[in-house]
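Hi,

Here is the structure I promised to pass on. Have a look at it first, and my notes on what turned up follow below.

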Amino acid sequence: MSLDTSLQNFQQYKNSLGVFAVPIAMMRNNEHNERRTWNPQKLEELLNSIRKTGGILTPGIVELRINEVGKIFDVEISDLLGGVNSLLNTNGYDPENSYYYFNVLGGNRRLLCSRILGYETMPMRILHSLTPEERLEIQFVENATKTKIPPHEVADSIWNLYKLSISGI
């Protein structure tokens, strides 16, 4: 699959709830993101760009996920989809005791800048019910199209996509 084809598929996921201002307190960095390094100069440029424009212009991508507490109570994603706006209400939200969180798939640098700048929310496209392969594909496309990635991180991404494709997950 070409990067162009992948981008087209990525922008038309059937499991998209749309773009919302997601509270930063409800987001977790994806522990499986191959992107582990950021160029400090590029990060400073992004910070300056965000300051100049007055905010984040391009939404990031998150996936609505059930956490361990939700699994204990057998909460399903479908149980949460009825009212997206109610999911985004931080009143009473406790990351340790809530049933859900938003896993960041794209926009980790923008999220870091938002935290540095003290923003409470960030525009995010909310997806749900993705396969592991779709998660990796989104991360790969997002990283490959935003800024130069060190070759070893590109290789890790491709290797993980390959392992998923042969395992049949």
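Before the counts, a word on terms: helices here are DSSP runs of H or I with at least four residues, strands are runs of E with at least two, and both are numbered from the N terminus. On that basis the protein has eight helices and five strands, and please keep in mind that this is a predicted model. Going along the sequence, the order is α-β-β-α-β-α-α-α-β-α-β-α-α.

Some overall numbers next. The protein has 169 residues, of which 43% count as buried. Its exposed area is about 9,600 Å², with carbon and sulfur atoms supplying 52%. If you take the contacts between residues at least 6 apart in sequence, 87% of them join residues at least 24 apart.

Now the helix pair I'd look at. H2 (residues 40-53) and H6 (residues 108-116) have axes that come within 10 Å and cross at roughly 65°, and the crossing is right-handed. On the H2 side the contact uses Lys42, Leu43, Leu46, Leu47 and Ile50, while H6 brings Arg109, Arg110, Leu112, Cys113 and Ile116. The buried residues of H6 include Arg109, Arg110 and Cys113, which also appear in that contact. After H6 comes Gly118, with a positive phi near 80°.

Ahead of that helix, have a look at Gly106, which sits in strand S4 (residues 100-106). Gly106 is buried, because its relative accessibility is 0% and the cut-off for buried is under 20%. Leaving out residues up to four places away in sequence, Gly106 touches Gly60, Ile61, Met124 and Glu142. Its C-alpha is 9.4 Å from that of Asn29, although the two are 77 residues apart along the chain. Phe140 is 34 residues from Gly106 in sequence, with 9.0 Å between their C-alpha atoms. Phe140 belongs to helix H7 (residues 132-146) and is partly exposed at 21% relative accessibility.

On to charges: how many salt bridges does a search of the whole structure find? The search gives four. One of them joins Glu45 to Lys42, with the closest N and O atoms 3.8 Å apart. These two are three residues apart in helix H2, so about one helical turn separates them. Glu45 is partly exposed at 40%, and so is Lys42 at 39%. Another pairs Arg51 with Glu44, again with 3.8 Å between the closest N and O atoms; Arg51 has a relative accessible area of 44% and Glu44 has 38%, and each counts as partly exposed.

Glu63 and Arg65 also meet in a salt bridge, at 3.8 Å from N to O. Glu63 is buried at 1% relative accessibility, whereas Arg65 is partly exposed at 24%. Arg135 comes in here too, linked with Glu63 and Arg65 in a network of salt bridges.

Two last spots. Ile72, Phe73 and Tyr99 make a nonpolar surface patch with about 350 Å² of accessible area together. Phe73 is in the loop between helix H3 (68-72) and helix H4 (77-80), and at 55% relative accessible area it is exposed. Then there is Ser129, in the loop between strand S5 (121-128) and H7. Most residues other than glycine have a negative phi, but phi of Ser129 is positive, near 55°. Ser129 is partly exposed, at 40% relative accessibility.

Cheers

Methods: Residues are numbered from 1 along each chain as its sequence is written. This is a predicted model: local features need pLDDT of at least 70, side-chain atom pairs count only at pLDDT 80 or more; totals for chains, interfaces and linings use all residues. Side-chain values use heavy atoms; hydrogens and water are left out. Buried means under 20% relative accessible area, exposed over 50%, partly exposed in between (1.4 Å probe, protein chains only). Patches are made of residues with over 30% relative accessible area and no salt bridge: like charges are joined within 9 Å, nonpolar side chains (Val, Leu, Ile, Met, Phe, Trp, Tyr) within 5 Å. Accessible areas come from the Shrake-Rupley method with a 1.4 Å probe; for residues, only the protein chains shown count as cover. A salt bridge is a side-chain nitrogen of Lys or Arg within 4 Å of a carboxyl oxygen of Asp or Glu. Axes are lines fitted to C-alpha atoms, for helices over the stretch in contact, and angles run from 0 to 180 degrees between N-to-C directions. A crossing is left-handed if the near helix is turned anticlockwise from the far one by less than a right angle, and right-handed if clockwise. Contact means heavy atoms within 4.5 Å.
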